[in-house]
Amino acid sequence: MAKIIHLFFSCPETSMAPPTIVLLLIASFFVSTQTHLQVQATDDAFTSIVISQKGLDFLKDLLITKAVSSIIPLQLPQISKSTRIPFLGNVNMVLSNITIYGIDVGSSYFKLGDDGIAIIASGTTCNMSMSWYYSYSTWIAPVVVSDEGRASIQVEGLEVGLTLGLGIQDGTLKLTLKDCGCYVKDISIKLDGGASWLYQGMINAFEEQIGSAVETSVTKKLKDGIVKLDSLLQALPKEMPLDDNTSLNVTFVNDPVLSNSSIGFEVNGLFARRNASVSKYHNKDSHALVSCSDSSKMLGISLDEAVFNSVGDAYFNAEFMQWIVDKIPDQSFLNTAGWRFIVPQLYKKYPNDDMDLNVSLSSPPVVRISEHNIDATIYADLIIDVLEENRVIPVACISLVIRASGSVKISGNNLAGSIKLNDFSMSLKWSNIGNLRLYLIQPVMWTIIQTVFLPYVNSHLGKGFPLPIIHGFTLQNAELVCSSSRIMVCSDVIYSAASRSQNLNWLLHSFV
C-alpha cells in the first residue's frame, strides 16, 4: 500500500569526523517519535535509511531555495478586458509580459502522517512586472485615445500546498500527486509611465484576474513538475557499480514508512557480481533496522552484516581473491635457503631457488558484527611455489583459517575499515616434498600474515565501499554504532557547493 509523502525529501566507540549522504536509493522502516530513531520492517532488507524531521527540514529548505531559483522567471498569460463606458465608448485594457521575477517564501513545513506528507508554504511574497496598454474611442469623434507603460506588482500572503503519495513500483519509487493548491491573499499594483495616475484605479480592477493567473500558473507548474519528477524517480538505476564486475543492488523493498517525525526507506543493499546469481542471506533482526541514540541527527543508515558478507561473496565468485606474493619485507623467506632449517627437504630438493607464495581464498570471508566487536574469519590456501628457470613448481599447500577483528570509519562517501590479526590456525592440504612440521612454519606464517597479508587487505578496505548516497551531499559529525549483526551511521548533512552545477541542480531543473 503506497504511502503519501512530499518529494524531498550508524563502528567505533565515539563519533567520527566529516564525510557523505543520501541516494534516493535507500531503505524502509518505521521511526519512533521518542528519544531514538527506530525503524521497523516487514520483509527482509539489508540496508535501510531513515530521514528525521531535522533532515526533512534541511532538505525542504534546500530544495525550496533551489526550486524557487529554477522556477523564475515565470511568465503568465496575457490578460485583456473590453467594456463599454458611458460617454467614453469602447474601452480596451491589455496586460502583457506578466512575469514573476522574485519569490520570497515566508515559512514552510512538512506535515507527516500515516496518510502521507503535506508540504505547505505560507506568507510567500511574489514580485512581478508587466506591461499595460489602455485605449478607448468616443462616440463624439472617431478618435482613439491610448496610453501604455510598465507596472510593478506585489503579491502577498501567497499560500501553496502539496500532498504527495510515494510508493514502490517494480523496485523503484513511484510519486503521485494527491492534492495541489495555491491561494493569493492580496495584490498591490503600481503603474509607471504614461498618465499612470489616471488609470491606476482602472488597472486595480485586474487584481482578481492577476491573482487567478498566479494561482493557475503556479499550480500548473507544480503539477507538471511532479509528473517530470516521477519519471526521474522511475528512471533511477537499480544498481550502483562498485567496479567493472561488481555492483550494489539498490532496488527498493517495501513501501516507505512514515511517522509524524520521519520517513524511512528500505533497499536490498547487497553487492553481487554482475549477471550472476546472488547468494541467499537472512536478515537476523528485521524489527529495529535503525536505532540512533541521538535523535537530533538528520540521517540514519543501517547496514546488515550480510552487506559486508555479500562483498566478499561477490569478489570470491569473480575469482578476484588471489594474488602472487613475490616481495616481502624479509626477502630471504622467498628463497629456499631461508627455509633450510624449517623445511630441510625443500632446501635439499631445490637449493637456493627463488620462491613465491600463491595466496587465494578457499571460501568467502565471514563477517560477524556484535555490539562491541566486528569479527572476520578468512579462509585461505597458501601454495609454496619454487621458481626454477622458466618453471613454476608448486611444492606444498597450507590451508589457513585467519581470525581477525575489525574497525570501521567514514571516508568520503564510503564506509571504510581495517582489520588486525587475532590468531590463526593452519593445516597441510597437500605436499610434494613430504610431511611438513607446521609448528616450525607457524612463526613464518605469522610474520607473513602480519607484514604482507594484512597490509594488502587493509589497503583495499581503507578505500571502502559506497554508502547509498546522492552525490553533492556530505555527512557531517557522523557517528558509527555497532549493534547485533549491523552497523549504523547516524549523521547530520551538508550540501556540497562543489557539486551544485550538477546532480541536484539537474534534478531540480528537470523538475521545473
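Visitor: What does Glu388 count as at 23% relative accessibility?

Guide: Start with the scale. Buried means under 20% relative accessible area, exposed means over 50%, and partly exposed lies in between, using a 1.4 Å probe and protein chains only. Glu388, at 23%, is therefore partly exposed. One note before we go on. This is a predicted model, where local features need pLDDT of at least 70 and side-chain atom pairs count only at pLDDT 80 or more, while totals for chains, interfaces and linings use all residues. Residues are numbered from 1 along each chain as its sequence is written, and side-chain values use heavy atoms, with hydrogens and water left out.

Visitor: Which residue forms a salt bridge with Glu388?

Guide: First the idea. Side chains of opposite charge can pair when their charged atoms come close. The rule here asks for a side-chain nitrogen of Lys or Arg within 4 Å of a carboxyl oxygen of Asp or Glu. For Glu388, the partner is Arg391, with the closest N and O atoms 2.6 Å apart. Arg391 is partly exposed, at 48% relative accessibility.

Visitor: How many salt bridges does this rule count?

Guide: Nine salt bridges. Another one joins Asp61 and Lys60, whose closest N and O atoms are 2.6 Å apart. Here the two ends fall in separate classes. Lys60 is buried, at 4% relative accessibility. Asp61 is partly exposed, at 41%.

Visitor: Which pair links distant parts of the chain?

Guide: Look at Arg403 and Asp423. Their closest N and O atoms are 2.5 Å apart. Arg403 sits in strand β22 (residues 391-411) and Asp423 in strand β23 (residues 414-431), so the pair spans 20 residues along the chain. Helices (H or I, at least four residues) and strands (E, at least two) are DSSP runs, numbered from the N terminus. Both ends are partly exposed: Arg403 has a relative accessible area of 31%, and Asp423 comes in at 33%.

Visitor: How many disulfides does a search of the whole structure find?

Guide: A disulfide is a covalent bond between the sulfur atoms of two cysteines. The test is a pair of cysteine sulfur atoms within 2.5 Å. The search finds zero. Take Cys126. Its closest cysteine sulfur, in Cys182, is 7.5 Å away, which is too far for a bond. Both residues are buried: Cys126 at 1% relative accessibility, Cys182 with a relative accessible area of 14%.

Visitor: How many helices and strands does the protein have?

Guide: Seven helices and 26 strands. Some strands pair into sheets. Two strands pair if DSSP finds at least two bridges between them. One open sheet has six strands in the order β19-β20-β21-β22-β23-β24, with antiparallel pairing. β19 (322-325) and β24 (465-466) are its edges; each has a single partner strand, so one side of each lacks a neighbour in the sheet. Inside that order, β20 (residues 354-369) and β21 (residues 374-388) pair in the antiparallel sense over 13 bridges. There, Asp356 stands opposite Asp385 in β21.

Visitor: Which strands of the sheet does helix α4 touch?

Guide: Contact means heavy atoms within 4.5 Å. Axes are lines fitted to C-alpha atoms, for helices over the stretch in contact, and angles run from 0 to 180 degrees between N-to-C directions. With Asp356 opposite Asp385 in that sheet, α4 (residues 305-317) packs on it, touching β20, β23 and β24; its direction makes about 150° with that of β20. Helix α6 (residues 438-461) lies across β19, β20, β21, β22 and β23, and runs at about 150° to β23.

Visitor: Which order does the open sheet of three strands have?

Guide: The order is β12-β13-β16, and the pairing is antiparallel. Its edge strands, β12 (239-241) and β16 (271-273), each pair on one side only. The twist averages 35° from one strand to the next. β12 and β13 (residues 246-249) share three bridges in the antiparallel sense. Met240 stands opposite Leu248 in β13. Helix α4 packs on this sheet too, touching β13 and β16, and its direction makes about 10° with that of β16.

Visitor: Where is Ser135 found?

Guide: In strand β8 (residues 116-137). Ser135 is buried, with a relative accessible area of 7%. Leaving aside neighbours within four places in sequence, Ser135 is in contact with Asn90, Val91, Asn92, Val144, Val145 and Ser146.

Visitor: What share of the 512 residues is buried?

Guide: Buried residues make up 51%.
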